[in-house]
Amino acid sequence: MASETEPTGEGVVEGAAHGADTAAHGADTAAHGAEHGATGMPQLDFETWPSQIFWLVIALVVLYFLMSRIALPRIGSVIEERHDAIESDLDRAADYTRQAEEAEAAYELALQEARSKAQEIAAETRAEIQKKVDAAMAEAESRISERTAVSEARIAEIRDEAAASVEAVAADTAAALVEQMLPGSADDAEVRAAVAARLG
Amino acid sequence: MAAGAEGEGGFAIHPMDQFIVKPLFGDGGVGLFTVSNATLWMAITVAVVSLLLIAGTRGRALVPSRVQSMAELLYGFVRKMVTDVAGEKAAPYFPYIFTLFVFILFANLLALIPYSYTVTAQFAVTVPLALAVFISVTVIGFMKHGTHFLSLFWPTDAPVALRPVLCIIELISYFVRPVSHSIRLGANLMAGHAVLKVFAGFAGPLGIGAVLPIAMMVGVFGLEVLVAVIQAYVFAILTCVYLNDALNLHGHSAHDEDEHHSDYIGVHPDSHAAH
């Protein structure tokens, strides 16, 4: 921008000073000899202005092109790249955090599931065992009652047998007694009927 | 330094000799194309800036080297200054302001090397720099706003009766800008370097007593480093302020570093009374 406007501004100064430059050329060598004793401001020695301005414009134009074409775009892009890289790294980190959270949630869920399944299995097993126990109990009970019935029947049988034996023994005993007391008078059938009547 | 050679006859101090523009080759006058010490130090300035900002960033490293981070720091600093002061609209002029800033900054800093030459202590350098800013800012103002740009000189928030007076003040302050802009930089650098030279001149003939002026020189040198940076910064930020005026007229909240806005302070109570 300035590199366009500057030469016009410079041109004025230069044009004015250039004449003075050539004119004062002779005087310069004299001034140069007395250089060590310079008392005024060398900055106001307008004879050197055109040269300084000329080189300044060149320096600034060169610097401007170096900066605007090479240095600034490069630094700008590097900063931009770094910004992007940091941004993407942060994004990735957030992504990883999210993934970790998801994994944790999945793990929690699996744990919950496993726990409930374990409980289920335990309950099932318990029920199965209970069933088996119940079946065994029922079987044992039925067997016991069966045996009891058999035993009872046997006992009843024995008792009946015993009762019958008792009658027979009683009749025999009575017949023997009668025989002893009244020999020949006893009728076997009569004794037996009397014993049976007595036993009722 | 020259004082040491002819120190016999008391204090022969020539603090201004360092500002003489001399041809590098031959002994003649300084013509338009003469390669002088000014040429040399401008070239060194451009070379050093290029070294830092181009060679230093050659790696384009995502994790910057020391030199590259300096370059990036410089870039970020000027970028922020331009957008803070003159707004986003000033972004196209960033390379221009950046060029001015780094040129002045490095010319100032390189001038602190002993036996070097101070490019920016020359009004032949600072006046064209300031004029370049003044002219380009004025051109930009007229290009952006046409004749409406002239409203910059017509303070509408002041009482009507005061406006012509303020307009004259505004106009004067506007045209004084390049003067103050250039003298501020050149005079600061010139004064500092002249003071350094004066103390150096004292140090030569004093023998063991030279400790005192040398101590002073160390102090002044530190101050000059500060001045070198601050003057480059001031030049650049004023450029931004002027650019802001041209781009946004009175819109954007400019940093009122310049003297001309202080005129408003006395006027505000009046303008409130008028309403």
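**Briefing: the A–B interface and an aromatic cluster in chain B**

Put together, chains A and B bury about 4,900 Å² between them, with 72% of that on carbon and sulfur atoms. Chain A's biggest contributors are Gln43(A), Gln52(A) and Arg74(A), which supply 13% of the area it buries against chain B, more than any other three residues. Keep in mind that this is a predicted model.

**Who touches whom**

- The contact draws on 49 residues from chain A and 58 residues from chain B.
- Just one salt bridge turns up across the interface: Arg82(A) pairs with Glu72(B), and the closest N and O atoms sit 2.7 Å apart.
- Polar contacts between the two chains come to 11 residue pairs.
- On the chain A side, the elements giving two or more residues are α1 (2-23), α2 (25-33) and α3 (49-181).
- Helix α3(A) gives the most, at 28 residues.
- By residue type, that side of chain A splits into 26 nonpolar, 14 polar and nine charged.

**Aromatic rings**

- Over all chains, the structure has 15 aromatic pairs.
- One of them is Phe142(B) with Phe149(B), edge-to-face at 5.0 Å centre to centre and 65° between the planes.
- Phe142(B) is partly exposed at 38% relative accessibility, whereas Phe149(B) is buried at 1%.
- Phe153(B) and Tyr174(B) also go edge-to-face, 5.1 Å centre to centre with 85° between the planes.
- That pair links distant parts of the chain, 21 residues apart: Phe153(B) is in the loop between α5 (123-145) and α6 (163-203) of chain B, and Tyr174(B) is in helix α6.
- Both Phe153(B) and Tyr174(B) are buried.
- These four residues join Phe134(B) and Phe175(B) in one aromatic cluster.

Terms used: Residues are numbered from 1 along each chain as its sequence is written. Chains are lettered from A and ligands numbered from 1 in the order in which they are written. This is a predicted model: local features need pLDDT of at least 70, side-chain atom pairs count only at pLDDT 80 or more; totals for chains, interfaces and linings use all residues. Side-chain values use heavy atoms; hydrogens and water are left out. Contact means heavy atoms within 4.5 Å. Buried area is the accessible area (1.4 Å probe) that two parts lose on being put together, summed over both. A salt bridge is a side-chain nitrogen of Lys or Arg within 4 Å of a carboxyl oxygen of Asp or Glu. A polar contact is a pair of N or O atoms within 3.5 Å; within protein, one must be able to donate a hydrogen and the other to accept it, and residues adjacent in sequence count only if both atoms are side-chain atoms. Helices (H or I, at least four residues) and strands (E, at least two) are DSSP runs, numbered from the N terminus. Ala, Val, Leu, Ile, Met, Phe, Trp, Tyr, Cys and Pro count as nonpolar, Asp, Glu, Lys and Arg as charged, and the others, Gly among them, as polar. Rings of Phe, Tyr and Trp (its six-membered ring) pair if their centres lie within 6.5 Å; planes under 30 degrees apart count as stacked, over 60 as edge-to-face and the rest as tilted. Buried means under 20% relative accessible area, exposed over 50%, partly exposed in between (1.4 Å probe, protein chains only).
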